[in-house]
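Subject: Structure for your review

Dear colleague,

Please find below the structure that I agreed to pass on to you. My notes on it follow directly after.

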Amino acid sequence: EALRRQLDSAEPQPFLPPDKYGNQANKLFVGGIGSCRQEELEAYFSQYGPLRDAVVMTNKATGVSRGFGFVQFTDSEAVRRVMCDAAGHCLNGRWVEVKP
């Protein structure tokens, strides 16, 4: 019983391990986004929590999307929420993949 109370009152553990500097990365790969714009990526993932950064990777010569990007949240709880919905993310009518 005492162990159960101790576990119930413990702080939740972060979803992602700390980086080499001890910071939580809270960064996710988002694949299969097609020609999605950065604003659309930000708008979709900000529903899960505050974003620190969002970027759509583009071809440097043409500026065309390479079909993937990254989002970084300010806290690991938002990352957990995104990963709980991992099978259902859809941007611009396309199912997208998210990975830590």
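The notes below go from the overall fold to the core and then to the aromatic rings.

Please bear in mind that this is a predicted model. The protein has three helices and six strands, and from the N terminus on these elements follow the order α-β-α-β-β-α-β-β-β. Of the 100 residues in the protein, 31% are buried. Among contacts with a separation of 6 or more, 59% are between residues 24 or more positions apart. The protein exposes about 6700 Å², and 51% of this area is supplied by carbon and sulfur atoms.

Helix H2, residues 38-45, is a useful place to begin. Its buried residues are Leu41, Tyr44 and Phe45. These three lie on the same side of H2, because the arc they cover around the axis is only 85 degrees. The general rule behind such a pattern is that an α-helix has 3.6 residues a turn, so residues three or four places apart point the same way. The cover over the buried residues of H2 includes strands E1 (27-34), E2 (51-58) and E3 (65-73). Helix H3 (76-84), strand E4 (90-91) and strand E6 (97-99) are also part of that cover.

Two of these H2 residues return in the largest nonpolar core, which holds 19 residues. The members that touch the most other members are Val30, Leu41, Phe45, Val71, Phe73 and Leu91. At least two residues of this core come from each of E1, H2, E2, E3 and H3, and H3 gives the largest share, with four residues.

Val71 illustrates how such a core residue is surrounded. Apart from its neighbours within four places in sequence, Val71 is in contact with Leu41 and Phe45, as well as with Asn26, Lys27, Leu28, Val30, Leu51, Asp53 and Ala54.

Turning to the aromatic rings, the structure holds six aromatic pairs. One of them joins Phe45 and Tyr48 in a tilted arrangement, at 6.4 Å centre to centre and with 35 degrees between the planes. Are these two residues buried or exposed? Phe45 counts as buried because its relative accessibility is 0%, and Tyr48 is likewise buried, with a relative accessible area of 10%.

Elsewhere, Phe29, Phe68 and Phe70 are linked into a cluster by ring pairs. Lys27, one of the contacts of Val71, lies over the face of Phe70, at 5.3 Å from the ring centre.

With kind regards

Methods
Residues are numbered from 1 along each chain as its sequence is written. This is a predicted model: local features need pLDDT of at least 70, side-chain atom pairs count only at pLDDT 80 or more; totals for chains, interfaces and linings use all residues. Side-chain values use heavy atoms; hydrogens and water are left out. Buried means under 20% relative accessible area, exposed over 50%, partly exposed in between (1.4 Å probe, protein chains only). Contact means heavy atoms within 4.5 Å. Accessible areas come from the Shrake-Rupley method with a 1.4 Å probe; for residues, only the protein chains shown count as cover. The arc is that of the directions from the helix axis to the C-beta atoms. A nonpolar core is a set of buried Ala, Val, Leu, Ile, Met, Phe, Trp, Tyr and Cys residues joined through side-chain atoms within 4.5 Å. Rings of Phe, Tyr and Trp (its six-membered ring) pair if their centres lie within 6.5 Å; planes under 30 degrees apart count as stacked, over 60 as edge-to-face and the rest as tilted. A charge sits over a ring if NZ of Lys or CZ of Arg is within 6 Å of the ring centre and within 35 degrees of the ring normal.
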